[in-house]
Amino acid sequence: MTKKGSLTVISGFSGAGKGTIMRELLKKHPEYALSVSVTTRNPRPGEKDGVDYHFLTQQEFDRMVAEDGLLEHAGYVDHCYGTPRKYVEESIAAGKDVILEIEVQGARQIKEKCPDAIFLFVTPPSAEELHHRLTFRGTESEEVIRERMQRAAEEAGEMAWYDYLIVNDDLDEAVELVHRTIQEAKNAPRRQPEMIAEISEELKKLAADDK
Ligand code: 5GP
């Protein structure tokens with residue numbers, strides 16, 4: 001039987017460099033399976049349908065939700081985003097380490113459904129640096145930049161429940177850190193409720209016998 005693959009969720013502020021880290025990670029380690037999300041937003045210049053996202057109409061998106069075709073979904077600055085269930089489930093079953101690059105509301109849904117998933121949060125070294133990166137990306141209007149900064153302030157409170165924080169100062173280091181973190185986390189022993197319950201029961205029995 002093929003050993004099941006792991007599931008990693010990567011979130012981070014818009015402009016933290018998640019996208020760049022993912023691209024570099026896949027260049028160096030093409031064995032990872034990066035899930036391609038669906039979205040109702042328009043493609044940015046250079047983005048390709050089926051590669052960066054599956055770009056859907058609102059109607060198509062709503063149909064996927066109704067048919068339970070999404071593992072999680074969320075609204076982000078006026079648009080909808082979601083993770084197609086099929087690709088993730090099939091890849092994990094085939095033994096692949098799957099990565100979802102999604103925002104925090106979606107990450108929370110994954111945490112509920114897949115408690116064994118590994119949660120990484122990417123942040124630039126400072127808030128000022130985040131603002132700088134958003135401004136200099138040059139693809140967003142001032143209004144969108146303001147909304148994204150506002151959203152980052154809200155998301156900051158959510159960083160706390162993630163398993164690992166990845167500070168994206170040097171790109172190569174951040175990429176290696178993500179890779180190492182996933183590989184170590186997936187092999188690390190996990191809290192196993194059944195095993196904990198079993199050992200506690202046995203200890204209680206033994207303690208009672210000793211009386
Ligand atoms: P962008 O419009 O900049 O590509 O993405 C906006 C935000 O949506 C980012 O934080 C990105 O991680 C998140 N996102 C992308 N795909 C998904 C998805 O499938 N589900 C959720 N919940 N968020 C997503």
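Trainee: How far is an oxygen atom of the ligand from an N or O atom in the side chain of Ser 37?

Mentor: This is a predicted model, and Ser 37 is listed among the closest of the residues that surround the ligand. The pair to look at joins an oxygen atom of the ligand to an N or O atom in the Ser 37 side chain, and the distance between these two atoms is 2.7 Å.

Trainee: How much of the area that the ligand exposes when taken alone does the protein bury?

Mentor: Two tyrosines can be added to the picture, since a polar side-chain atom of Tyr 53 lies 2.5 Å from an oxygen atom of the ligand, and an N or O atom in the side chain of Tyr 81 is 2.6 Å from a ligand oxygen. Taken alone the ligand exposes 510 Å², and the share of this that the protein buries is 95%.

Trainee: Which strands each supply at least two residues of the shell around the ligand?

Mentor: The shell holds 16 residues, with Arg 41 and Glu 103 also among the closest, and by type it divides into five nonpolar, four polar and seven charged residues. The strands that each supply at least two residues of this shell are S5 (70-76) and S6 (79-84).

Trainee: Where are Val 77 and Asp 78 found?

Mentor: Both residues have a positive phi without being glycine, with a value of about 40° for Val 77 and one near 75° for Asp 78. Val 77 is placed in the loop between S5 and S6, and Asp 78 is likewise found in the loop between S5 and S6.

Trainee: How much space lies in the largest pocket?

Mentor: The largest pocket is the space taken by the ligand, and its lining divides into 14 nonpolar, twelve polar and 13 charged residues. The space that lies in this pocket is about 1100 Å³.

Trainee: Which element gives the most to the lining of the largest pocket?

Mentor: The lining of this pocket, which holds about 1100 Å³ of space, is made up of 39 residues, and those closest to the pocket centre are Gly 19, Arg 44, Glu 47, Tyr 53 and Glu 101. Two or more residues of the lining come from each of helix H1 (18-28), S5, S6, helix H5 (127-137) and helix H6 (142-156). The element that gives the most, with six residues, is H1.

Methods. Residues are numbered from 1 along each chain as its sequence is written. This is a predicted model: local features need pLDDT of at least 70, side-chain atom pairs count only at pLDDT 80 or more; totals for chains, interfaces and linings use all residues. Side-chain values use heavy atoms; hydrogens and water are left out. A residue is near a molecule or strand if one of its heavy atoms lies within 4 Å of it. A polar contact is a pair of N or O atoms within 3.5 Å; within protein, one must be able to donate a hydrogen and the other to accept it, and residues adjacent in sequence count only if both atoms are side-chain atoms. Accessible areas come from the Shrake-Rupley method with a 1.4 Å probe; for residues, only the protein chains shown count as cover. On a 1 Å grid over the protein atoms alone, a cavity is a set of points where a 1.4 Å probe fits but cannot get out, and a pocket is an open set with protein on both sides within 12 Å along at least five of seven lines; lining residues have an atom within 4 Å of a point. A molecule sits in a cavity or pocket if more than half of its atoms lie within 2 Å of its grid points. Helices (H or I, at least four residues) and strands (E, at least two) are DSSP runs, numbered from the N terminus. Ala, Val, Leu, Ile, Met, Phe, Trp, Tyr, Cys and Pro count as nonpolar, Asp, Glu, Lys and Arg as charged, and the others, Gly among them, as polar. Grid points are joined across faces, edges and corners, and a volume is the space filled by probe spheres set on the points.
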